[in-house]
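I opened this entry to look up the cysteine pairs. My notes follow in the order I checked them.

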Amino acid sequence: MHQPRNRVSRRLTPSPLREWLGHNARLTLFLLLAAAGMIAIYLYFNPDPGDATPIIEAVQGEGPLTAILPGNETEAQATPVAGQPTHRIGLIAGHKDNDSGAVCEDGLTEAEINYDIAQRVAVSLASHGVASDILSEFDSRLPSYQADALISIHADSCDEINDLATGFKIAATTMNDSSVLEQCILQQYYLTTGLAYHANTITPHMTDYHAFREINPAMPALIIEVGFMNLDRAILTAQADIPAEGLVQGIMCYVEKLP
Ligand SMILES: [Zn+2]
């Protein structure tokens with residue numbers, strides 16, 4: 001009788017681990033489920049960092065949330081929207097508010113020709129969605145002036161020099177590479193007005209133009225003599241929309257090449 005009982009009791013006696021698991025099966029299962037649940041909750045509330053990018057951009061003013069964030073009204077207005085100009089051109093109306101520039105015998109002044117063309121350019125640019133500032137010759141805004149480009153509009157002497165005193169000249173600043181602006185204005189002004197280009201009569205007075213030393217030196221800039229006030233008088237006065245359009249076409253050529 002002793003032997004069988006012994007054998008049975010030995011067979012039924014569990015190992016210490018099995019004994020612990022047997023006594024704690026429910027606790028073990030509970031701990032495993034609790035751990036899995038906490039991991040699931042952690043992952044749910046901590047998405048991939050990439051998912052947060054749109055929210056960060058919106059808060060920084062790049063997205064639509066900006067408009068509804070209190071206190072961000074200024075940033076919302078500064079954000080470009082369709083229809084608002086994204087480019088700006090400075091236009092110096094040569095001699096404006098300083099002197100008359102060249103003068104014809106009948107009193108026609110270079111300053112009035114320059115200002116008339118500058119105004120026509122500004123109106124036309126606005127219709128193309130490009131903003132502009134019309135500046136005086138020594139405008140208080142010129143020091144460190146910043147736009148996409150500066151163009152100073154002048155006209156040549158009204159004196160009867162010779163038959164070659166017709167056409168236009170361009171001198172770009174030497175403070176930076178303004179060749180894209182220069183080529184655009186030169187080509188489009190030539191094509192639109194039909195005036196000759198006087199490359200060989202550009203003076204140091206043009207290349208060392210005072211405004212080039214005042215504005216932001218990194219900004220493309222040039223000075224143009226739009227024509228001679230004697231032989232080119234008709235196109236500079238009665239047909240002033242033509243030289244203005246030549247400048248606008250040149251500016252649009254340049255603006256379209258901007259990044
Ligand atoms: Zn001038």
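I looked first at Cys104 and found it joined to Cys158 by a disulfide, with an S to S distance of 2.0 Å. The model is a predicted one, and I keep that in mind for each value here.

I then asked where the two ends of this pair sit in the chain. Cys104 is in the loop between strand S1 (87–93) and helix H5 (110–127). Cys158 is in the loop between strand S3 (149–156) and strand S4 (169–172). The two residues are 54 residues apart, so I noted the pair as a link between distant parts of the chain.

Next I checked the torsion about the S-S bond of Cys104 and Cys158. It is about 100°, so this disulfide is right-handed. I also looked up whether these cysteines are buried or exposed. Both Cys104 and Cys158 are buried.

I moved on to Cys184, which forms a disulfide with Cys253; their sulfur atoms are 1.9 Å apart. Cys184 lies in helix H6 (residues 179–193) and Cys253 in helix H9 (residues 241–255), so this pair ties together parts that are 69 residues apart in sequence. The torsion about the S-S bond of Cys184 and Cys253 is about -60°, so I recorded the disulfide as left-handed. For burial, I found Cys184 buried and Cys253 buried too.

Last, I asked how many disulfides the structure holds. The count is 2. With bonded cysteines counted along the chain, I wrote the pattern down as 1-2, 3-4.

Key. Residues numbered from 1 in each chain as written. Predicted model: local features only at pLDDT ≥ 70, side-chain atom pairs only at ≥ 80, totals over all residues. Heavy atoms only, no water. Disulfide = S-S within 2.5 Å. Helix = DSSP H or I, 4+ residues; strand = E, 2+ residues; numbered from the N terminus. Buried < 20%, exposed > 50% of the residue type's maximum accessible area, 1.4 Å probe, protein only.
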